Every structure is written in C-alpha cells, then in structure tokens.
Amino acid sequence: MSDSSLARSDLSPAVAWLRTPSAIRERCHQLLDLGLAGKLEHFRVEPSRLPIVVDTVLHVTREHYPTLDVPLHSRWRHFDVGGVARLAELEARLKDASLQERARAKLDLVVVSVLLDAGSGPQWRYQEAGGKTWARSEGLAVASFRMFMEGRFSSDPDRPLRVDAEALGRLTREALAQGMQVTDANPVDGLEGRLHLLHGLAKVLPRPGTLLDIITAQQRSVRAAELLGLVLEVLGPIWPGRVMVDAVNLGDVWPHPALGSVESLEALVPFHKLSQWLTYSLVEPLSEAGVVVTELDGLTGLPEYRNGGLLVDLGVLSPREPRLFTQSFHPGDEPIVEWRALTVALLDRVAALVRGRLGLSAEELPLGKVLQGGTWTAGRRVAAERRPGGGPPIRVDSDGTVF
C-alpha cells in the first residue's frame, strides 16, 4: 500500500509501494545485508569504520551548531551561503503579501531551485553581482534565487516573485544559460536536463505554489511519507523515461542484479533523491502556512555524492576495483546503484550512532538534522581535504535530473 493518502488511488500496488520511503529502506537494507556478508560485486562494507564517520559528523555538527539546535537539511540552508541575508531580502519583498501567498512564493522558489540543483560539475561557478563567486550546490542555490528575484520564472511583470507554467514553458536554453552564467568557459553539467525538468514542471502544475492548496484542501497535517507521495505523484511525469512499471515512469529507480533478475520487480531499488530533497525543502514554507509535517524520520537519507563520498573516503565502503576511482559512471550503472543503496542504509546506522552519542531520540534529532549537521557537511569537508576542488571520490556523469 502507498504511504500517501494524497496520491492517486488507481496506482498498481507495485508502483504505489515503490514510491514509499519504506520501499527505499527495504531494498537498500537488503543490499547492505548482502554487503555485510561479502556478497556484493563492487563494494566491501567495513562496519568497524563507522565510529570514525560518527566522530567526524559529531565534530562538524558541534562546530556549526554548538547548542545542537540543528535545522532540517533542506534547500533553505543554501540560500544564505556566505552570511549574505538573501532570505531577509525575500521576506522584505513579500512583506505586503498574505501569509498564504508568501508560502506559495516560497514553494515556487524552492521547487524550481531543487530542480536546478542536480550537480553542477567541477568547473561551473556563479558570480553574484557585487559579491563573491559560488560553486556547486550553493552556487546553484544563489543562481536560482537571483533568477527568481529578477522575475525570470514569472510571466507577469507586476508579480515577479512567482513561478508559473507560461514562463517556464517558454524558457529557452539560452535564457537559462544566461541566468546561470553558463558559457563555453563556464560549463555546467546537464543544462538540457534541467531545462527539460522545468518544461515538464510547466506541464504538470500551473504554479508550484499550488501544492499548498492541494494539501490544505484535504488536511492541515501531513506525514512526510505522504508529502513525498504527493511530490512523486505530481512531478512523476517530468522525469526522463527510465524504468516503467504498469505504464508509469518510476523516475529515480534502478535495478540491481543482486536482488533478482534485472527485469523483475524484486531487483528494483528506489531512491527518489531529488524528490526527497524537495520534500525536506517543502517543510518550512508549509509550516509557515500552518501545515504541520509529521514523522520526518520516515524519509531516508539522501543517496548523493556527499553522503556516499564520506563513507568511501573514511573507509566504510571500499571499492573492490580501482576503476571505480578512475572511470566516470552513469546513474544506472550497477556500481552506482550499489553505492547509493549502501549509502542510504548506512546513513540509518550513522544517525542511530550519532543520537546514541548525544543521548537524543529520533524525535529530537531526526535523520534530516543528522544530514544537515552532519553527514553532508562532513562529506564535503573530507572531500576538500583529499582532492583538489573537493570533488567526489567516484565520478557520476550528471544529466541534471538525478543528483
């Protein structure tokens, strides 16, 4: 059964289940069990190295949040990068809008920003007017924020702080490249993929902010798993065609042969990374509008190269073949599916160990806060210490639609 009462009821049981966090966890932990038994082809799992990861995560968490007042891992953490009060600038521009309209505007911003966030590659930079130069996820956050504030996603000059289908539908590759400062000398990975997602968004929602109205038409409280189900239901059609089950495009779901025939349902490992990243990022604007998101720990850790890189760099995951460090891979390649699945399952163990060391419960320190505190920050720091430019230990070619 689906975890989401907000999603369609006509989905097949298989598709509905593959859209749930419980499905993500079950399949990822199946692969971890195989890894712990030494039965995976691409990675060895060294659980004895987990305390080193926990020490590192605790160190960066206490450094950034001395009182352990850790916010939720979400896109909102990136908008004020460098100590620049960009969100205060947004609030000032929205001060005369109603509470509901402010929430819709913030949902507009964060949906587009997350869809533009799928890995920039090592070369791209964004130079803020009169300010600094930013790279990677923070750079993409600042670029999307500035494009939003300039009204580039709105078709109404009198209401620039919104995103609507008309503006997204007519967005050209050239206009997106200009907004993101992409040139031959400043390339970004997957520009066409990002544009495809925005064009797809224009076809499924008149405005991203209407997610608020979809939710509040039924309830004022929503479980995180339900919210993810809604995101996957509404945005499902925008993802590039990959694995199909019962004529439904599953998105970020990939087979792994250790679980069964690659043609079988049993082999499918769901991740829904960008959709979960978006779900985490919807919590704050929904909360401001009076919608309570509960059971946040129901979501999983995010299978991306910062969290996964931390586990590789600190020796919890050890590639069996040197080529994993030298080749570039596609998201659907077996080593990458394995790496991502092991990352999701091991993040549950890391979170439990972190809470144990701090004497906190899952309610007091949900997984989303462990990520923020946390594993993502630690992954970036360790990567910067080990490699020029701070790239991941294993390279994945991004098409702009997965990571």
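Biologist: Which helices and strands do the buried residues of H12 pack against?

Modeller: This is a predicted model, in which local features need pLDDT of at least 70, side-chain atom pairs count only at pLDDT 80 or more, and totals for chains, interfaces and linings use all residues. Residues are numbered from 1 along each chain as its sequence is written, and side-chain values use heavy atoms, leaving out hydrogens and water. Helices (H or I, at least four residues) and strands (E, at least two) are DSSP runs numbered from the N terminus. With contact meaning heavy atoms within 4.5 Å, the buried residues of H12 pack against H2, H10, H11, S4, H13 and S9.

Biologist: How many residues of H12 are buried?

Modeller: Happy to count! Buried means under 20% relative accessible area with a 1.4 Å probe, protein chains only. Both Glu226 and Glu233 are on the buried list, alongside leucines such as Leu227 and Leu228. H12 is mostly covered, and the number buried is 12 of 12.

Biologist: Which residues lie closest to the centre of the largest cavity?

Modeller: A cavity is a set of 1 Å grid points, over the protein atoms alone, where a 1.4 Å probe fits but cannot get out; lining residues have an atom within 4 Å of a point. H7, H13, H14 and H17 each supply at least two lining residues. Of the 16 residues in the lining, the closest to the centre are Asp117, Ser137, Lys273, Glu304 and Trp376.

Biologist: Which helix gives the most to the lining of the second largest cavity?

Modeller: Good one to finish on. That lining includes Lys273, Leu274 and Ser275, together with Leu232 and Trp239. With three residues, the top contributor is H13.

Notes
On a 1 Å grid over the protein atoms alone, a cavity is a set of points where a 1.4 Å probe fits but cannot get out, and a pocket is an open set with protein on both sides within 12 Å along at least five of seven lines; lining residues have an atom within 4 Å of a point. Buried means under 20% relative accessible area, exposed over 50%, partly exposed in between (1.4 Å probe, protein chains only).
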